[in-house]
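Student: I have a model open and would like to go through it with you piece by piece. Could we start with a backbone oddity and work outwards from there?

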Amino acid sequence: MQLQTKQLTKKYGDKTAVNHLNLIFSNGIYGLLGANGAGKTTLMRLLCGLQKPTEGEILLNGKPVSQMGAAFAGLLGYLPQQFPYYPDFTAGEYLRYMAAVKGLGREEAQKRSGELLSAVGLGRKEGEKIRRFSGGMKQRLGIAQALLNDPKILIFDEPTAGLDPKERIRFRSLLHSFAENKIVLLSTHIVSDVENTADIILMMKDGKLVYTGRTDRTAESARCIGGQAGAADNLEKLYLYYFGEEEA
Ligand SMILES: Nc1ncnc2c1ncn2[C@@H]1O[C@H](COP(=O)(O)OP(=O)(O)OP(=O)(O)O)[C@@H](O)[C@H]1O
């Protein structure tokens, strides 16, 4: 499977949030790094079809996704930055509700919800109301909802924001447990979140790709176009090079 962006551009008035991006994703974990406002969320929303590009297109195996309609949506799992949880729902109710929204039948929804709650370590919390969940538990529930339709393309916007170190490690191993044979794209502005997690690092600044590099978790098939290529062995330094002034 190959997901490609061609000259992908999104403008908000005078502001170019995503600027003529040419990327190719194949199976593997991609870490999208960039400071606030770099264009990460906009790129992710474009990839999910939640926003229309001003220019350019997105192709799946060479075919424009704009012509694929629901077939493309069925391949996607998305965890947005701000996810609307319903505090009075139990974890089980919430997942079954989300499964219905995604078009799963009743029995399948029941089965899949149970499986996924166990997979994310919330099996024993099925009957508990979300309002009692910690940030990490909510995030794991968000991951479970993104996986309901068994997506082949997973897009996680800042999935580790607000998580404590223990939950970050948990997230990382969870991600590896379900990432096989999928395209996984996760955004963050924290270098350590992706350097041990992703196969490929993409660094964005002002809507453009400024760097692409492989980490030790090399994905042979992964290839990106644009930006400056290299091995991401000193990611922290690179990040400071590109974003140091803004972050200071
Ligand atoms: N709806 C909008 N209207 C106008 N400008 C927008 C809109 N959404 C985003 N922008 C601008 O586009 C740029 C890219 O924003 P985006 O949210 O994609 O960046 P980001 O890298 O995800 O940042 P963050 O890490 O803060 O989420 C920013 O300058 C932002 O202010």
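Student: Is D150 buried, exposed or partly exposed?

Tutor: This is a predicted model, and in it D150 counts as partly exposed because 13 other C-beta atoms lie within 10 Å. The residue is found in the loop between α5 and β7 (153-157), and its phi is near 50 degrees, a positive value in a residue other than glycine.

Student: Which other residue, not a glycine, has a positive phi near 50 degrees?

Tutor: H20 has such a phi, near 50 degrees, but H20 is placed in strand β2. With 16 C-beta neighbours inside 10 Å, H20 is classed as partly exposed.

Student: And the glycines, where do they take a positive phi?

Tutor: G49, which follows α1, has a positive phi near 75 degrees, and G103, just after α3, has one of about 90 degrees. G13 lies in the turn of the hairpin formed by β1 and β2, which has two residues between the strands, and its positive phi is about 60 degrees.

Student: Staying with that hairpin, how many bridges join β1 to β2?

Tutor: Seven bridges join β1 to β2, and the two strands run antiparallel. One of the pairs is L3 with F25, the latter being the bridge partner in β2.

Student: What order do the strands of the sheet take?

Tutor: The sheet is open and has four strands in the order β2-β1-β4-β5, with antiparallel pairing. Because β2 and β5 (63-64) stand at the edges with a single partner strand each, one side of each is left without a neighbour in the sheet. Strand β4 (residues 55-60) pairs with β5 over two bridges, in the antiparallel sense, and L59 stands opposite P64 in β5.

Student: What packs on the sheet?

Tutor: Helix α1 does, touching β1 (3-12), β2 and β4, and its direction makes about 60 degrees with that of β2. The helix is mostly covered, with seven of its eight residues buried, namely K40, T41, T42, L43, M44, L46 and L47.

Student: Let me pick a residue in β1, then: what does L8 touch?

Tutor: L8, which is found in strand β1, is in contact with V18, L21, L46, P53, G56 and I58, once its neighbours within four places in sequence are left aside. L8 is buried, since 23 other C-beta atoms lie within 10 Å, where 20 or more are needed for that class.

Student: How far is L8 from L154?

Tutor: Their C-alpha atoms are separated by 19 Å, and the two residues are 146 residues apart along the chain.

Student: Changing topic to the ligand, which residues are around it?

Tutor: The shell consists of Y12, K15, A17, G34, N36, G37, A38, G39, K40, T41, T42 and H189. By class, three of these residues are nonpolar, seven are polar and two are charged.

Student: Which element gives the most to that shell?

Tutor: Helix α1 gives the most, with three residues. Both β2 (15-25) and α1 (40-47) supply at least two residues each. To link this with the packing of the helix, K40, T41 and T42 are among the residues around the ligand, and these three are also among the buried residues of α1.

Student: What about the domains, how is the chain divided?

Tutor: The domain assignment gives domain 1 (3-75 + 151-247) and domain 2 (85-150). Their C-alpha centres lie 25 Å apart, and eleven residues of domain 1 are in contact with nine residues of domain 2.

Student: Which helix gives the largest share on the domain 1 side?

Tutor: Helix α6 (residues 165-178) does, with four residues on the side of domain 1 that touches domain 2. The residues of that side divide into seven nonpolar, two polar and two charged.

Student: One last stop: which residues of α3 are buried, and what do they pack against?

Tutor: In helix α3 (residues 91-101) the buried residues are A91, Y94, L95, R96, M98 and A99. They pack against α4 (106-119) and α5 (135-147).

Methods. Residues numbered from 1 in each chain as written. Predicted model: local features only at pLDDT ≥ 70, side-chain atom pairs only at ≥ 80, totals over all residues. Near = placed C-beta within 6 Å. Nonpolar A, V, L, I, M, F, W, Y, C, P; charged D, E, K, R; others polar. Domains from an automatic or database assignment. Contact = placed C-beta atoms within 7 Å. Buried ≥ 20, exposed ≤ 12 C-beta atoms within 10 Å, placed from the backbone. Pairing = 2+ DSSP bridges. Axes fitted to C-alpha atoms, helices over the stretch in contact; angles between N-to-C directions.
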